[in-house]
Amino acid sequence: MKIISFLLLLAAGFVWAEVNLDVHKEVLDNGLTVLLHPNKQAPTVSCRLFYVTGSVHEVPGKSGLAHMLEHELFKGSKKVGITDSVADVAFMAKQDSLQALIRPAMLSGDTARVRRLKAEHDSIVNEHRKIFVKDELWSTYQAAGGTGLNAFTSDLMTAYIVTLPKNKMELFMWLESDRMQNAVLREFYSERDVIREERRMRYDDRPTGRFYETLNSMIYEAFPYRVPTIGWPSDIANLTREMAEEHYRKYYKPRNAILVLAGDLEVEPTMKMVKKYFANIPAGEAFAPLTVRDPEPAGEKRLVVKRPDAPNLYILTFTTPEVGDSTLYALDIAEGILNGRTGRLYKRLVEEEKLAVGASASNSPNKYVSEFNVSVNMRPDADVEKVEKIVWEELEKLKTEMASERDFQKVKNRTYAGLVRSLTDMENVATMLAWYEMYGDYRIFLNWANELDKVKAEDVLAVAKNTFDRSKSVTGILLKEKTSEKK
């Protein structure tokens with residue numbers, strides 16, 4: 001058992017109070033990483049299963065694959081969600097064959113043939129659905145008292161989460177070990193259409209959607225963070241069940257998985273249960289090392305987008321080192337000085353100059369490469385050049401003026417207090433342990449406040465000089481396009 005200790009500074013009396021978090025880490029022979037945190041504050045266990053596969057691992061032509069699989073893994077398995085597994089296989093084979101005919105017909109422009117084939121395909125899907133047990137996995141968790149059931153995909157991973165009564169923890173083991181081995185990708189093509197519509201609503205039809213997507217592809221020229229997790233429209237349209245099955249068979253396996261349980265559990269019997277359900281699953285394949293990196297910036301990059309339905313936004317981004325690098329702690333101090341209603345950006349832009357309704361800064365640690373962002377929600381009549389001038393003035397101050405002890409203590413106190421509060425929420429503890437283990441070591445999360453306490457004023461000056469460089473910046477400006485008055 002590893003006991004992680006850190007100190008909380010209570011601002012009122014500068015009293016140090018020790019807080020402990022017990023974390024048991026074990027890696028099975030097949031590569032599955034297991035983290036257990038026993039905590040008896042409530043008779044529940046927050047369960048997390050992270051598959052370390054996301055859009056960062058996708059190759060051109062297959063963007064959106066991990067997100068597609070997030071959806072598909074709720075469709076069930078050979079044992080879950082179906083009444084006739086033999087007929088299930090036959091139905092999907094017919095659908096795949098018709099899809100293989102539909103694609104060339106669409107490319108050739110034979111619309112009549114496409115309509116006929118799609119009608120036949122939809123008819124088979126409707127017959128197939130008659131042997132489904134709809135949403136069986138989801139409803140099984142709910143019937144067992146499961147709460148917070150969800151899933152999400154990021155650039156680095158796909159997560160499946162639920163909180164269960166402690167006596168239902170074995171249900172999680174059974175369902176997730178089954179999903180890891182025996183998932184069946186049913187209704188693939190209708191689900192693909194759902195995701196295409198999701199993309200249209202969240203990105204293509206929203207004024208900020210394509211703006212942020214395009215801006216992101218400027219921040220990362222070569223590195224695959226430029227790839228949208230939901231996928232590019234043309235890639236989504238051409239995803240096949242065969243592609244998804246191959247990816248699932250290779251990578252949704254123990255070698256690429258992190259299992260975290262936090263709550264009312266005993267370590268030894270829980271580990272015995274984990275091994276019972278997961279130890280015999282084949283390891284799966286490892287991803288090739290991600291060696292691509294962005295080249296040195298050729299100079300300042302700018303994106304200006306005007307739309308009649310757009311809000312007025314000013315975004316300034318700098319790339320920074322990956323999580324674990326010591327300079328990120330100094331950038332946390334910089335964020336705290338700039339951010340919030342008492343921060344310098346809000347005071348200047350919102351309160352004094354009346355140029356914005358909101359202004360913030362964020363230090364966002366990530367694996368491989370991180371970001372520091374400034375975001376300003378400008379008023380409709382704001383002078384963009386003046387907004388930009390003020391932002392850079394505040395960044396320049398961080399390079400030349402020592403941060404005050406009050407600024408330091410404010411950020412540190414907020415970080416300590418936030419960390420301690422977060423440790424009372426087992427759902428948050430489970431998620432953060434999984435997230436930072438994915439980054440490389442769960443202890444980074446637990447030790448963050450301790451590392452922050454080591455930062456000195458000269459560290460903030462140094463990191464500001466190195467980070468806030470115009471020649472390495474990416475600026476995005478989104479403006480409401482003014483329509484000319486009718487004569």
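**Exercise 1. Tyr368**

Task: Decide whether Tyr368 is buried, partly exposed or exposed, and place it in the chain.

Solution.
- Step 1. Recall the cut-offs: buried is under 20% relative accessible area, exposed is over 50%, and partly exposed is in between (1.4 Å probe, protein chains only).
- Step 2. Tyr368 has a relative accessible area of 21%, so Tyr368 is partly exposed.
- Step 3. Its place is the loop between S10 and S11. Helices (H or I, at least four residues) and strands (E, at least two) are DSSP runs, numbered from the N terminus.
- Step 4. Check the backbone: phi of Tyr368 is near 75°, a positive value in a residue other than glycine.

A note on the model: it is predicted, so local features need pLDDT of at least 70, side-chain atom pairs count only at pLDDT 80 or more, and totals for chains, interfaces and linings use all residues. Residues are numbered from 1 along each chain as its sequence is written, and side-chain values use heavy atoms, with hydrogens and water left out.

**Exercise 2. Helix H12 and the residue after it**

Task: List the buried residues of H12, find their packing partners, then describe Lys354.

Solution.
- Step 1. H12 covers residues 344-352. Its buried residues are Arg344, Leu345, Tyr346, Arg348, Leu349 and Val350.
- Step 2. These buried residues pack against two strands, S10 and S11, and against the helices H11, H13 (384-400) and H14 (405-422).
- Step 3. Lys354 comes just after H12. It sits in the loop between H12 and S10.
- Step 4. Phi of Lys354 is near 55°, a positive value in a residue other than glycine.

**Exercise 3. The nonpolar cores**

Task: Which residues touch the most other members of the largest nonpolar core?

Solution.
- Step 1. Define the set: a nonpolar core is made of buried Ala, Val, Leu, Ile, Met, Phe, Trp, Tyr and Cys residues joined through side-chain atoms within 4.5 Å.
- Step 2. The largest core has 88 residues. Tyr314, Leu349, Val376, Val387, Val391 and Leu433 touch the most other members.
- Step 3. Take Val387 and leave aside its neighbours within four places in sequence. Val387 is then in contact (heavy atoms within 4.5 Å) with Tyr314, Leu349, Leu355, Val376, Met378 and Ala382.
- Step 4. A second, separate core has 53 residues, including Val80, Leu175, Ala183 and Phe287.

**Exercise 4. Glu213**

Task: Is Glu213 buried or exposed, and which side chain makes a polar contact with its side chain?

Solution.
- Step 1. Glu213 belongs to helix H7.
- Step 2. Its relative accessible area is 5%, so Glu213 is buried.
- Step 3. The side chain of Glu213 makes a polar contact with the side chain of Arg199, at 2.8 Å. Such a contact is a pair of N or O atoms within 3.5 Å; within protein, one must be able to donate a hydrogen and the other to accept it, and residues adjacent in sequence count only if both atoms are side-chain atoms.
- Step 4. Beyond four places in sequence, Glu213 is in contact with Arg199, Tyr203, Pro228 and Trp232.

**Exercise 5. Gln41**

Task: Place Gln41 and find its contacts.

Solution.
- Step 1. Gln41 lies in the loop between S3 (33-38) and S4 (44-51).
- Step 2. With a relative accessible area of 48%, Gln41 is partly exposed.
- Step 3. Neighbours within four places in sequence aside, Gln41 is in contact with Thr424 and Met426. A polar atom of its side chain is 2.6 Å from the backbone oxygen of Thr424.
- Step 4. Gln41 and Gly263 are 222 residues apart in sequence, yet 7.5 Å apart in space, C-alpha to C-alpha.

**Exercise 6. The largest pocket**

Task: Give the volume of the largest pocket and describe its lining.

Solution.
- Step 1. A pocket is found on a 1 Å grid over the protein atoms alone: it is an open set of points with protein on both sides within 12 Å along at least five of seven lines, and lining residues have an atom within 4 Å of a point.
- Step 2. The volume is about 740 Å³. Grid points are joined across faces, edges and corners, and a volume is the space filled by probe spheres set on the points.
- Step 3. The lining has 31 residues, and the closest to the centre are Asp155, Tyr203, Asn216, Tyr225 and Thr229.
- Step 4. H7 gives the most, with six residues.
- Step 5. By class, the lining has twelve nonpolar, 13 polar and six charged residues. Ala, Val, Leu, Ile, Met, Phe, Trp, Tyr, Cys and Pro count as nonpolar, Asp, Glu, Lys and Arg as charged, and the others, Gly among them, as polar.

Key: On a 1 Å grid over the protein atoms alone, a cavity is a set of points where a 1.4 Å probe fits but cannot get out, and a pocket is an open set with protein on both sides within 12 Å along at least five of seven lines; lining residues have an atom within 4 Å of a point.
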